[in-house]
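Q: Pick one sheet in this model and zoom right in on it. Once that's clear, I'd like to know what sits around it and how the other pieces pair and pack.

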Amino acid sequence: MAGPFPLRQSWAERLGQARRAVPETVNGKESAPLLQPNQMPSSASPDQGDDLEACVLRFSDLDLKDTSLINPSSSLKAELDVNTKKKYSYAKKKAFALFVKTKEVLAPSYKCKEKWWKCCQQLFRDQTSIHRHVATQHADEIFHQTASVLKQLAVTLSTSKSLKSADRRNPVKECLTRNREVSAWLPDISCFSPDELISGQGSDDGEVLLYYCYCDLEDPHWLCAWQTALCQHLHLTGKVRIATEGINGTVGGSKLATGLYVEVMLSCPLFKDYLCKDDFKTSKGGACCFPELRVGVFEEIVPMGISPTKISYKKPGIHLAPSEFHKEVEKFLSQANQEQSDTILLDCRNFYESKIGRFQGCLAPDIRKFSYFPSYVDKNLELFREKKVLMYCTGGIRCERGSAYLKAKGVCKEVFQLKGGIHKYLEEFPDGFYKGKLFVFDERYALSYNSDIVSECSYCGAPWDLYKFCSTPQCRQLVLTCPACQAQGFTACCVTCQDKGSRPASGPAQNSFKEECECTARRPRIPSELSQQVQLPRNPEPRADVGEDGDGPCLCERPRLHFPKPSQS
């Protein structure tokens, strides 16, 4: 069933239309369209110019196929105020643009972005020819549709003040109220076979999306049900966190499925004024990168441990585009004495993330999860006094509230954050100032954009940056151990775990719980930079240990571990 909001006209929609609307050109099959033209989301106002993508003049209930349309006679004009009369030419242009858009189809090659049009059994390959055809052959339809737009405008303007407020809030709420069934909000995929949606889910042919959107949500539980149904509908796996403050997701599947997911999210009334296509970070992967689909409602979309009512996403640091951030880092690194600099390049991630990749000259807190970040700031507040702080994280979400918290302390000169995070920076500057791999929270563990290795094997010190889980079943730590050391049996995160791993299993329940290992117990929960002589080396080696939210990965701590060789039996 097509949902109450359609997908924007895109490759996905045009692909479906091409398969149905141009049988003699594409594949000879014809079926109901993926989207209905009169269901297009309407967001334009008469003051927005001639944007062809928003051509319904904000009247989502306008039916352009209405047979009872009236002519714009003098009696109709009498109903309109002076300002509305000035909008007549605008309304006519929008009616024309919408009519042309309903004739749009995809060019034969699926990868081609060129648009064609089909009308009156004719195929038009350029915009000029379809415009000429519509102007000469369909003037009556355009005339009647313009009249319908004007009539709707006349009724609407009679309560213009209340509608201006409603335009910002009520349409979304009313639309959701009218269509509470989750199934009504799923895209029509009848033009695709199950094989098309599932094929290409592997790490080489599939794709992983990473995105977030901070916006106020009234019903996160309904959104949770919809996201679950949507991901299952498109055969996507991954993790989606939902709260009243927004949504944070990473999902994987075929490129067709992830493309449809993006189009649905961009068209959803809840997000269409907040999300744009550039907010979705993509990387090679697929459904195989996640063991399952997990969608849930939480208090925060990223767990900082402080209620959004106390520290809001609405007061973050200044966003810097990757190119702007690159220039700031370049300026910072060019200083002869970085220790005395008024700038701090702050990594907001966990220690095991910065261990395998980071910006040169950064301060990488030795914390095991983001909920420790506020305590880290409090404990080291003097470090940030009168400093300009450049913050960064994987995709930008942790910096949103992390920078808001730091700003709320009132000690920094300025607080900036990298828009789109390291992910977007590396897309633009793969050989820039970020060295090493980018840690990700899925089965891939890390993404590689350059050949730099900034970490080493915990046993022999050889350059190494590929994580493996500690070999002790109860331990959830991540270990950096090179192939040579693995071959010698060195596969645990610490001596205690290595000893446990050599014992015979006590029973089937051994894997059902986890224990705090030695390297976790002996490290400080919140490190103090001020208790030491604070230095910002160009290539810091942050100590390592534990994982996100208590059950994530962990590393073994420096100095390097030296275990006796395991007995050969």
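**The mixed sheet and the other pairings**

A: Strand S5 (residues 237–243) and strand S6 (residues 246–253) run antiparallel to each other, with 7 bridges holding the pairing. Helices (at least four residues) and strands (at least two) are DSSP runs, counted from the N terminus, and two strands pair if DSSP finds at least two bridges between them. Keep in mind that this is a predicted model: local features need pLDDT of at least 70, side-chain atom pairs need 80 or more, and totals for chains, interfaces and linings take in all residues. Numbering starts at 1 along each chain as its sequence is written, and side-chain values use heavy atoms, leaving out hydrogens and water.

Want a spot to click on? Ala243 of S5 has Gly246 of S6 as its bridge partner.

Zoom out a bit and S5 and S6 turn out to belong to an open, mixed sheet of 5 strands, ordered S7-S4-S6-S5-S8. Strand S7 (281–285) and strand S8 (293–297) are the edges, each pairing on one side only. On average, neighbouring strands of this sheet are turned by 10° against each other, with direction ignored. Angles here run from 0 to 180 degrees between N-to-C directions, and axes are lines fitted to C-alpha atoms, for helices over the stretch in contact.

Now for what packs on the sheet. Helix H15 (residues 397–408) touches strand S4 (206–214) and S6, and its direction makes about 25° with that of S4; contact means heavy atoms within 4.5 Å. Helix H16 (residues 421–428) lies across S4 and S7, running at about 80° to S7.

Moving on to helix pairs, take H10 (residues 220–233) and H11 (residues 255–267): their axes come within 11 Å and cross at roughly 150°. On the H10 side the contact comes from Trp226, Gln227, Leu230 and Cys231, and H11 answers with Tyr261, Val264 and Met265.

Another helix pair is H4 (residues 88–101) with H5 (residues 127–137), packed at an angle of about 115° with axes 11 Å apart. Here Phe96, Phe99 and Val100 of H4 meet Ile130, His131, Val134 and Ala135 of H5.

There's also an open sheet of 3 strands, S1-S2-S3, with antiparallel pairing. Its edges are S1 (104–106) and S3 (122–124), each pairing on one side only, and the twist averages 40° from one strand to the next. S2 (residues 115–119) is joined to S3 by 3 antiparallel bridges, and Cys119 stands opposite Gln122 in S3.

Last stop: strand S10 (residues 343–347). 5 of its 5 residues are buried, so S10 is largely enclosed by the rest of the structure; buried means under 20% relative accessible area, against over 50% for exposed and partly exposed in between, with a 1.4 Å probe and protein chains only. Both faces are covered, with Thr343, Leu345 and Asp347 buried on one side and Ile344 and Leu346 buried on the other. S10 runs parallel to S12 (residues 388–392), and 5 bridges join the two. Thr343, one of those buried residues, stands opposite Lys388 in S12.
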